[in-house]
Each structure stands twice: as structure tokens, then as C-alpha cells.
Amino acid sequence: MSEDQNYRGGQGQVVDAETFRDSVGTMDQSGKRRWVFPRKPSGRYTNYRTLVAWFLLALFFALPFIKIHGNPVLLINVVDRQFFIAGQPFYPQDFFILALGAITSIIFIILFTVVFGRIFCGWICPQTIFLEMIFRKIDYLIEGDRNKQMKLDRQEWNSEKIWKRSLKWSIFIIISLIITHWMFMYIVGYQEVFDMIKEGPFNNFTSFLVMIIFTAAFYFTFAWFREQVCTLVCPYGRLQGVLIDKQTINVYYDFKRGENRSKWRKGEDRRAEGKGDCIDCNQCVVVCPTGIDIRDGQQLECVNCTACIDACDEVMVKVGLPKGLIRYATEDEIEKEVPFKFTGRMKAYSAVLLLMIGFLGFLLSNRGTMEAKFIKPAGSSFFVRDGKINNTYNYTFLNKSNKDQLVTIKVIEPQHGEVSLSTTDKILLKRDQMIKGTVNVSFPEKEMKLSKQNVKIGVYNQNGELLDSFETYFEGPFKLQF
Ligand code: SF4
Ligand code: SF4
């Protein structure tokens with residue numbers, strides 16, 4: 001344990017050191033980066049995390065190729081403003097639904113964090129998954145475990161070091177390129193990415209440049225910046241301080257059981273000698289990918305990766321003590337020995353979350369399959385033809401359904417309104433298509449009671465079902481009103 005940190009003292013009391021740690025764990029006193037060489041983790045939680053990570057990686061690489069009703073499962077094409085989520089098309093007009101979805105997700109994350117702390121960081125976050133499950137594994141494969149990595153780092157740039165480092169960095173560049181290509185598939189679709197690859201970089205120079213920038217950014221993040229993303233940059237990490245409380249589940253060191261820590265001596269009666277279960281072997285520290293000592297209490301850098309739980313459990317088994325000296329628990333559970341409880345704050349967040357999910361579901365189910373607008377062109381006026389007063393409207397139709405639709409336009413209110421299109425009375429709207437055009441609406445002169453009246457125009461499918469309607473106004477000759 002570093003001598004400048006607060007620590008838990010014997011008999012479960014919090015002992016204040018004379019100074020406290022005022023820098024991140026991966027920096028030395030002069031502010032220089034302290035490179036972390038974590039020991040390769042192994043154990044129960046590492047196995048579970050590996051399974052979750054492989055599942056998520058498979059999902060990441062498979063999703064761009066999966067379609068629902070012919071639509072991509074997920075496509076966020078900000079350039080062409082095309083969005084598909086779970087195979088459902090969303091348009092800029094649906095922005096408020098997406099915004100509400102984003103707010104609901106934020107509340108979900110807040111609730112999740114209040115209850116489960118940074119479990120997301122350790123188990124689901126793409127940064128952790130790519131770093132710990134791909135890039136770090138390549139470190140171990142090429143350079144060996146912690147001690148060998150440290151030795152290689154210290155040694156001269158001899159042939160072994162040059163060979164190992166260039167091999168590792170080349171593989172990192174290839175993986176960064178692959179991640180970039182897949183990320184692009186989520187933006188422009190896989191077919192477009194394949195076409196760009198076939199056509200070559202010089203036919204898609206801007207996209208090529210963007211890809212190079214992203215590849216460089218991924219390489220920088222995973223080859224060099226690494227855990228600094230979680231400890232210095234990630235805004236979610238910064239939120240922990242306000243979201244986590246003493247009832248939040250986190251990775252904790254049971255200081256009541258562990259202190260007074262002391263080295264292991266075979267055959268000793270630790271209880272009788274007033275020693276805690278922590279044998280001060282440092283295995284929980286050397287395995288930590290963010291370079292901290294969990295025995296100093298909950299810290300900003302802890303991403304809840306569980307490596308220290310596995311490391312400590314392994315030690316406990318070896319020395320014949322019960323597992324779980326480091327475990328998932330709440331601070332109250334350890335300090336006051338009170339079991340986890342669903343607090344008022346958690347209940348309040350859950351209520352808001354349920355309300356928002358309900359409202360979002362309502363909006364999604366009422367989103368409709370068509371969006372129609374009828375707007376009078378600026379400066380246009382009415383005209384009279386064959387005893388009828390005519391107004392012209394510019395229409396915009398957006399087919400949100402997963403099929404082509406043949407639509408007709410009718411005046412719903414008031415009665416006696418007629419519609420005439422310039423070409424045909426039916427309009428073919430292909431799936432996900434937006435079309436614009438012009439339509440005339442007319443009323444017999446004798447039916448015009450006001451010089452300006454409201455009109456409701458509907459769009460119907462082949463079966464005569466109303467798909468959408470729009471209210472606007474209709475102008476006629478000036479009428480005196482009494
Ligand atoms: S303290 Fe433990 S759980 Fe937290 S980051 Fe380090 S090894 Fe992972
Ligand atoms: S691994 Fe367990 S026993 Fe070893 S120092 Fe960490 S907490 Fe103590």
C-alpha cells in the first residue's frame with residue numbers, strides 16, 4: 001500500500017493517514033505516467049467476463065449484417081440522416097422520440113449505477129472489452145505475463161525487443177483498422193464499406209482520410225492511452241462520485257475482516273495474534289489494470305473489473321481462509337453489516353424510468369406508418385375554374401412502413417372538397433421513401449361560407465384506411481361576415 005493514502009486500520013476502523021492521495025494511481029509524484037503491467041487475471045469472474053465479452057464482440061461484428069424486414073438492425077447514418085434501430089426506420093421528424101429514448105437511457109444508466117455501481121465499466125463497456133479481451137491478451141501472448149513485460153520494457157532496444165514490439169504494434173494497427181471498418185458499417189452500411197474497399201482509397205478519398213484518423217485514434221487509445229480513458233477522460237467515470245452511495249453494490253475489500261493485515265506465516269493462529277485475513281501479498285494490486293490498491297477503499301479509478309476478487313480468492317484458497325475478502329458488496333454491508341436494501345432514491349429513479357418507458361412505448365406504437373404534410377406555397381392565392389375555387393398545396397409524404405404503398409388523397413373536412421393531382425390520382429410510395437409534389441384542392445363556390453376556412457386532408461392506402469391527415473387552411477374570395 002502506498003504510504004500517502006488513507007487506509008483501513010485494525011479492528012475495522014478508518015485510519016486517516018497524514019496525507020491523502022491527490023493524484024491518479026497511474027501517475028508518480030512528478031506527474032509522469034506510471035505504466036501499468038497488470039498480471040494476467042484468472043478465476044471465476046474472469047471466466048464469466050470472458051464469456052460476456054465474446055458474446056458482445058460477436059454481436060458487434062455480426063450486427064451490421066443482420067436485417068429485420070430488409071432493414072439493418074442498427075444504422076446511424078448521420079450524413080444522410082438515415083436511422084434504423086431494431087430494424088425500425090427513424091427520420092429527422094422522429095427526433096423527439098430519439099431524444100426521449102436517449103433521456104430514458106440516461107435515467108436507466110443512472111438507476112443502474114446507483115444500484116450496481118460501475119458494473120457497466122467492467123463487464124459491458126467497449127473500451128474495457130477491447131482493451132482487456134483483445135489488446136491486453138495480445139500483450140500476454142507476445143510479451144508474456146507481468147514480469148516478462150516489465151523486463152522487456154526495461155531492457156535495451158535489442159533484436160528481441162524490436163521484434164516483439166513491432167509485431168505487437170503491427171497487430172494493434174490491423175485490429176484498429178478492423179474496428180474502424182466495422183464502425184463505418186454502422187454509419188454507412190456494410191455494402192457501402194465493401195464497395196469503398198473494392199473501389200480503392202483514391203476513389204473515396206474523404207472517407208479514406210476519416211478512416212485513417214479513426215484508426216489512428218483507436219490505435220492511440222488501445223496501444224498507449226489505455227486505462228487513462230477510464231481514469232481521466234470518461235464522463236461516466238466522473239459521475240460515479242455523485243451516483244454511488246453506501247448502498248451501492250461495488251467491488252469492496254472487507255477491511256473489517258482483512259485488517260490488521262500482515263504477511264502469512266505457516267501454522268500461525270492469526271486470530272489469536274490479532275491479525276486480519278489479508279496476508280498483504282499484493283496480488284490484488286498487481287492484477288489491477290488501473291494500478292490501484294482496492295484495500296484503500298472505493299476509488300475513482302476502479303472499473304469493477306473483478307480481477308482483484310479472483311486474485312484474492314485464489315490466495316485465500318491457498319492459505320485455507322474463506323473466499324470473498326474482496327467481493328461485490330455495499331459499503332454498509334461491510335461497515336455496518338446491514339444487507340443490501342432498495343433505497344428511496346432507487347425507488348424514485350425506478351418510478352421515473354417506468355413512466356418514461358411507458359411514454360416512449362406509447363409514442364413508438366403511435367408513430368404511424370406514414371407522415372403527410374400539405375403546405376401552401378408562399379405567396380400563392382386561390383383561383384376559380386369551372387365554378388370551383390381552387391387552392392394549391394405542396395405535399396410531402398414519408399413512407400415509414402416496411403412496404404411500398406399506393407396512396408390516394410381525399411378531403412376529410414369540410415364536405416364537398418375535391419382533390420386533383422397533376423398526373424394520376426394514385427401515388428406510389430416506395431418503402432422508406434419521401435416524395436414531394438403538388439396537389440389542387442377545390443370547393444364549389446356556393447359551399448364557401450368564409451373567405452378562409454380550415455381544411456383537413458387525409459392520405460389513404462389501397463384498402464381505404466386512413467394513414468395520416470393534416471390540417472391546414474383554404475382561401476377563397478372575400479366574404480362579408482355578419
Ligand atoms: S480495484 Fe479491482 S475491480 Fe477495481 S479496477 Fe482494480 S482490479 Fe479491477
Ligand atoms: S490479494 Fe487479498 S490477501 Fe493479498 S493483499 Fe490483496 S486483499 Fe490482501
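User: Let's start with ligand 2. Which element gives the most to the shell around it?

Analyst: α13 gives the most to the shell around ligand 2, with 3 residues. One caution: this is a predicted model, where local features need pLDDT of at least 70 and side-chain atom pairs count only at pLDDT 80 or more, while totals for chains, interfaces and linings use all residues. On labels, residues are numbered from 1 along each chain as its sequence is written, with chains lettered from A and ligands numbered from 1 in the order in which they are written.

User: And how are names like α13 handed out?

Analyst: Helices (H or I, at least four residues) and strands (E, at least two) are DSSP runs, numbered from the N terminus.

User: Which residues come nearest to ligand 2?

Analyst: A residue is near a molecule or strand if its C-beta atom, placed from the backbone, lies within 6 Å of it. Here 15 residues surround ligand 2, and C278, C281, Q283, C284 and C312 come nearest. Two or more shell residues come from each of α12 (283-286) and α13 (307-319).

User: How does that shell split by class?

Analyst: Ala, Val, Leu, Ile, Met, Phe, Trp, Tyr, Cys and Pro count as nonpolar, Asp, Glu, Lys and Arg as charged, and the others, Gly among them, as polar. Sorted that way, the shell around ligand 2 has 10 nonpolar, 3 polar and 2 charged residues.

User: At what angle do α1 and α13 pack?

Analyst: Picture each axis as a line fitted to C-alpha atoms, for helices over the stretch in contact; angles run from 0 to 180 degrees between N-to-C directions. Helix α1 (residues 44-62) packs with α13 at about 145°, and the axes are 7 Å apart. Contact is another simple rule: two C-beta atoms, placed from the backbone, lie within 7 Å. In this pair, R44, Y45 and T46 of α1 meet A307, I309 and D310 of α13. That makes 3 nonpolar, 1 polar and 2 charged residues.

User: Is L111 buried, exposed or partly exposed, and why?

Analyst: Buried needs 20 or more other C-beta atoms within 10 Å of the residue's own, exposed means 12 or fewer, and partly exposed is in between, with C-beta atoms placed from the backbone. L111 counts as partly exposed because 18 C-beta neighbours lie inside 10 Å. L111 sits in helix α2 (residues 95-116). Leaving aside neighbours within four places in sequence, L111 touches M346, Y349, S350 and L353. L98, 13 residues away in sequence, is 20 Å off in space, C-alpha to C-alpha.

User: How do I read a sheet, say β5-β6-β7?

Analyst: Two strands pair if DSSP finds at least two bridges between them. That open sheet has 3 strands in the order β5-β6-β7, paired antiparallel. β5 (74-77) and β7 (88-90) each have a single partner strand, so one side of each lacks a neighbour in the sheet. The twist averages 30° from one strand to the next. β5 and β6 (residues 82-85) share 4 bridges, with I76 partnering F83 in β6.

User: In what order do the strands of the 4-strand sheet come?

Analyst: The order is β15-β13-β17-β18, open and antiparallel. Its twist averages 35° from one strand to the next. Between β13 (residues 405-413) and β15 there are 3 bridges, and Q405 stands opposite L429 in β15.

User: Last one: how far apart are the centres of the domains?

Analyst: Domain bounds come from an automatic or database domain assignment. Domain 1 covers 1-367 and domain 2 covers 370-475, with C-alpha centres 55 Å apart. Where they touch, 7 residues of domain 1 are in contact with 5 of domain 2.
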